[in-house]
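Morning, everyone, and thanks for making room for me today. I'd like to walk you through one structure, a few residues at a time, so please have it open in front of you.

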Amino acid sequence: MMQGQGAAWPTRASVVIVGGGIQGLACAFNLARSGSKGVLVLDAGYWQGGASGRNGTLVRGGFGSQAWIELFEFSTRCWQDLSSTLGHNTMFSRRGYTMVAETERTAGVLEDTIHLHHQYGVRAKLLSGRGVRRVLPAIRQDKVLNAIHLADGGVAPHHAGMKAFHAACIEAGVDIRYRTRVTGIERQNGRATAVLVGDHRIEAETIVVAAGGFNLALAEMVGVTVPGHSMRIEAMALEPIRPLIGPGIALIDSLCYMHQTARGEVVGGTEVPERPRMSLSADFPVLARTAGVYARLFPQLADLRILRHWAGLIHATPDWAPLIGPHPDLRDLWFSAGWSYGWTGGPGTGVLLARSILEGKVERRLQPFALDRFARGAALVDKTIVM
Ligand SMILES: Cc1cc2nc3c(=O)[nH]c(=O)nc-3n(C[C@H](O)[C@H](O)[C@H](O)COP(=O)(O)OP(=O)(O)OC[C@H]3O[C@@H](n4cnc5c(N)ncnc54)[C@H](O)[C@@H]3O)c2cc1C
């Protein structure tokens with residue numbers, strides 16, 4: 001049975017978006033803002049129940065390749081203006097973001113990367129020695145070879161960012177229904193035509209799948225495939241301490257990300273290989289590895305207690321880059337999928353995806369993320385990703 005938010009159930013919509021995380025809401029908001037009527041968002045879970053309510057909240061525009069930089073730098077700029085764009089406070093804090101190299105190989109990657117950052121307008125500095133001490137005084141200096149500091153990165157707590165998107169969507173006329181699972185997608189004559197919620201059918205001109213860790217299941221419902229697999233990512237929060245860490249941090253060699261919240265908690269996580277994929281339970285290996293990385297690089301954290309530890313599901317792709325655009329095998333079926341940095345990428349992708357759907361032409365910055373890139377041998381390589 002459907003559990004809508006009270007209003008009568010539509011049988012027709014201009015755009016149905018499956019998934020009410022940041023990707024779905026950002027797309028919906030920008031469609032409605034551009035004048036689209038009848039935008040409907042359906043979400044199986046509760047508000048913020050997906051990865052958009054469970055992430056590390058870090059935002060950065062500097063990566064190691066043109067495609068990533070152009071999309072994510074644009075999105076980071078969107079984050080900076082987002083409170084005024086949405087008319088609600090997202091609590092984005094531009095505290096900077098530092099990418100740290102602990103090995104010669106990664107130090108070389110950062111030396112190459114800084115030129116790309118400057119070429120594409122990212123405000124970034126390559127640091128070593130005294131420069132690293134100034135930005136990250138608490139890190140073990142003898143473990144760091146160099147770092148790139150991104151002036152415009154930062155953090156945006158999900159309760160505020162999601163609340164702002166949700167409120168702005170409602171004000172713009174988007175119909176959002178949580179606790180409403182899409183159980184089928186119909187196709188006819190080479191196009192996706194309707195979504196099913198149990199025995200209720202909603203005809204749509206366009207369907208956008210933004211279902212996070214469940215994108216593959218949605219694709220299967222309509223008989224198409226998308227690359228990648230679903231996987232679990234975990235994070236943890238330490239008890240509050242005095243201000244120790246200013247910017248967001250990516251420890252590229254340790255596959256670890258972290259920051260200190262305004263409350264003083266250190267929040268972050270790391271990845272261990274071969275994790276079970278479709279479970280929200282958090283367990284010991286990630287917790288132990290994250291604690292090990294913290295203790296090695298920030299000895300001041302070693303005696304702190306772990307306050308919370310949680311997991312979220314994402315859709316990981318073979319090159320860790322998102323899948324954005326129309327499906328090559330079915331007309332009027334679009335995806336905003338494969339997101340590992342989807343919190344950072346949400347605001348900018350919402351703008352560009354809505355524009356692409358309305359114009360029927362994929363925006364230039366989204367084109368490298370096309371769903372058929374693996375089949376074309378055009379996978380995206382980026383050596384600065386931490387997952
Ligand atoms: C622990 C962790 C740390 C992270 N840290 C960061 C970070 O610091 N920075 C960053 O940029 N990214 C980070 N990420 C990744 C980021 O959270 C995701 O990439 C992003 O939230 C994806 O947004 P989304 O809208 O695609 O998916 P989600 O937020 O997962 O939303 C998908 C929605 O689809 C709904 N859904 C699923 N199936 C159906 C169905 N059949 N019918 C209707 N609805 C359905 C779900 O209920 C869900 O609400 C992290 C993720 C995790 C888990």
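Let's begin at a histidine. A polar atom in the side chain of His327 sits 2.8 Å from the backbone oxygen of Thr225. Before I go further, please keep in mind that this is a predicted model. His327 belongs to the loop between S17 and strand S18, which covers 333-337. Is His327 buried or exposed? Its relative accessibility is 6%, so His327 counts as buried. If we set aside residues up to four places away in sequence, His327 touches Val224, Thr225, Val226, Leu333, Phe335 and Leu371. So Thr225 turns up in that contact list as well as in the polar pair with the His327 side chain.

Next, the ligand. Which residues come nearest to it? There are 36 residues around the ligand, and Asp43, Ser52, Gly56, Gly342 and Thr344 come nearest. Let me give you some distances. An N or O atom in the Ser52 side chain is 2.5 Å from a ligand oxygen. For Thr344, a polar backbone atom is 2.8 Å from an oxygen atom of the ligand. Gly45 also offers a polar backbone atom, with a ligand oxygen 3.4 Å away. How much of the ligand does the protein cover? On its own the ligand has 1,000 Å² of accessible area, and the protein covers 95% of that. Helix H1 (22-33), strand S12 (229-238) and H8 are the elements that give two or more residues to the shell. Sorted by class, that shell holds 17 nonpolar residues, 15 polar ones and four charged ones.

H8 deserves a moment of its own. The helix spans residues 342-359 and has a kink of about 40°, centred on Gly348. Of its 18 residues, 14 are buried, and H8 is mostly covered. One resident of H8 is Ser356. The relative accessible area of Ser356 is 1%, so this serine is buried. Not counting residues up to four places away in sequence, Ser356 touches Trp334, Lys361, Val362, Glu363 and Leu366. Right after H8 comes Gly360, with a positive phi near 65°.

That brings me to backbone angles. Most residues other than glycine have a negative phi. Now look at Leu255: this residue is not a glycine, yet its phi is positive, about 50°. You'll find Leu255 in the loop between strand S13 (248-251) and strand S14 (256-260). Leu255 is partly exposed, at 32% relative accessible area. Trp320 is another residue other than glycine with a positive phi, near 65°. Its loop runs between strand S16 (306-316) and strand S17 (323-326). Trp320, too, is partly exposed, with a relative accessible area of 27%.

My last stop is a cysteine. Where does Cys169 sit? It lies in helix H5, residues 158-171. Cys169 is buried, because its relative accessible area is 0%. Leaving out neighbours within four places in sequence, Cys169 is in contact with Leu25, Ala28, Phe29, Val174 and Ile176. Do also find Leu86: it is 83 residues from Cys169 along the chain, and their C-alpha atoms are separated by 8.5 Å.

That's my tour, folks. Thanks for listening!

Conventions: Residues numbered from 1 in each chain as written. Predicted model: local features only at pLDDT ≥ 70, side-chain atom pairs only at ≥ 80, totals over all residues. Heavy atoms only, no water. Bend = angle between axes of the 7 residues up to and from the residue. Helix = DSSP H or I, 4+ residues; strand = E, 2+ residues; numbered from the N terminus. Buried < 20%, exposed > 50% of the residue type's maximum accessible area, 1.4 Å probe, protein only. Contact = heavy atoms within 4.5 Å. Near = heavy atom within 4 Å. Polar contact = N/O pair within 3.5 Å; in protein donor to acceptor, adjacent residues only side chain to side chain. Areas by Shrake-Rupley, 256 points an atom, 1.4 Å probe, with all protein chains shown as cover. Nonpolar A, V, L, I, M, F, W, Y, C, P; charged D, E, K, R; others polar.
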